[in-house]
Amino acid sequence: MTGAPDIVTLDRIAVLETARLVDTATAEDWARPTPCAGWDLRRLIAHMTAQHRGFAAAARGTGADPAYWREPEDLGEPSRIHREAVTTLLAAFASDGVQERRFVLPELSLTVPGSVGIGFHFIDHVVHAWDVAVSLGVGLDLPDRVLEAGLAVARRVPTDPAGRGPGRAFAPALDVPDGAGPLVETLRLLGRTPEKWPPAVGTEREV
């Protein structure tokens, strides 16, 4: 689409919205359950922090080092460590030529063009923005263009059962009901069950 934002811009919007949501959490919120099976909010934020650090390393050409992908051992201040990782990630993705570089992604055993790697990060954080919002019971504010772009990526994620399930990035895909909006279709294609969670404010029409 002419004039459509590129993947770096789309990713930045999703990441900043997720960071905004994380920054609203209080000490009493870290033990809240999330749509990520077996993960409370503290563990989800640790995962997001590690992903930001790992993808930033990939953008810098050092993604093969597994140290960058490890979850932080110190989880005493989840919002602070997450925000620091966000700053690092956004700076790395904003560097010249990032989409043309080769991203080494050891968790996926892949080396891909930067534009593809950023797309992986983008769809992950569209979904995690929703995860955090419904865990906290607060509003999710992602523009339609971001949700539509997220759906386009979600439709390209392989549905082979061997690549889905425990220990994988996404659960098995679920059927999408007729008339589902882009957010709900994205969530169900990636194995989420939005009907089991209170709708985030601003997305009631989607769930």
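Colleague: What area does the chain expose, and what percentage of it do carbon and sulfur atoms supply?

Modeller: The chain exposes about 10000 Å², of which carbon and sulfur atoms supply 54%; accessible areas come from the Shrake-Rupley method with a 1.4 Å probe, and for residues only the protein chains shown count as cover. This is a predicted model, in which local features need pLDDT of at least 70 and side-chain atom pairs count only at pLDDT 80 or more, whereas totals for chains, interfaces and linings use all residues. Residues are numbered from 1 along each chain as its sequence is written, and side-chain values use heavy atoms, with hydrogens and water left out.

Colleague: What is the mean pLDDT of the chain, and over which residues does pLDDT stay under 50?

Modeller: pLDDT is the predictor's confidence in each residue, from 0 to 100; its mean over the chain is 89, and 88% of the residues reach 70 or more. Where pLDDT is low, the predicted coordinates should not be read in detail. That caution applies to residues 201–207, where pLDDT stays under 50, although the model has 15 contacts (heavy atoms within 4.5 Å) for them beyond four places in sequence.

Colleague: In what order do the elements of the chain run, and what percentage of its residues count as buried?

Modeller: Helices (H or I, at least four residues) and strands (E, at least two) are DSSP runs, numbered from the N terminus. The chain has six helices and two strands, in the order α-α-α-β-β-α-α-α from the N terminus on. Of its 207 residues, 47% count as buried, where buried means under 20% relative accessible area, exposed over 50% and partly exposed in between (1.4 Å probe, protein chains only). Among contacts between residues at least 6 apart in sequence, 64% join residues at least 24 apart.

Colleague: How many aromatic pairs does a search of the whole structure find?

Modeller: Rings of Phe, Tyr and Trp (its six-membered ring) pair if their centres lie within 6.5 Å, and planes under 30 degrees apart count as stacked, over 60 as edge-to-face and the rest as tilted. The search of the whole structure finds two such pairs. The ring centres of Phe55 and Trp69 are 5.3 Å apart with planes at 70 degrees, so this pair is edge-to-face. Because Phe55 lies in helix α2 (residues 41–60) and Trp69 in the loop between α2 and α3 (78–93), the pair ties together parts 14 residues apart in sequence. Phe55 is buried at 6% relative accessible area, and Trp69 is buried at 7%. The rings of Phe93 and Phe103 have centres 6.1 Å apart and planes at 35 degrees, so that pair is tilted. It links distant parts of the chain, Phe93 in helix α3 and Phe103 in strand β1 (residues 102–105), 10 residues apart, and both residues are buried.

Colleague: What span should helix α4 have, and how far apart are its end C-alpha atoms?

Modeller: The expected span of a helix is 1.5 Å times one less than its number of residues. The 23 residues of α4 (residues 114–136) should therefore span 33 Å, and its end C-alpha atoms are 32 Å apart, which agrees. Of those 23 residues, 20 are buried, and just after α4 Gly137 takes a positive phi of about 70 degrees.

Colleague: With which residues is His125 in contact, leaving aside its neighbours within four places in sequence?

Modeller: His125, in helix α4 and buried at 0% relative accessible area, is in contact with Ala14, Thr18, Met48, Gln51 and His52 beyond those neighbours. His128, also placed in helix α4, counts as buried at 4% relative accessibility, and its contacts, with neighbours within four places again left aside, include Thr18, Met48 and Arg192.
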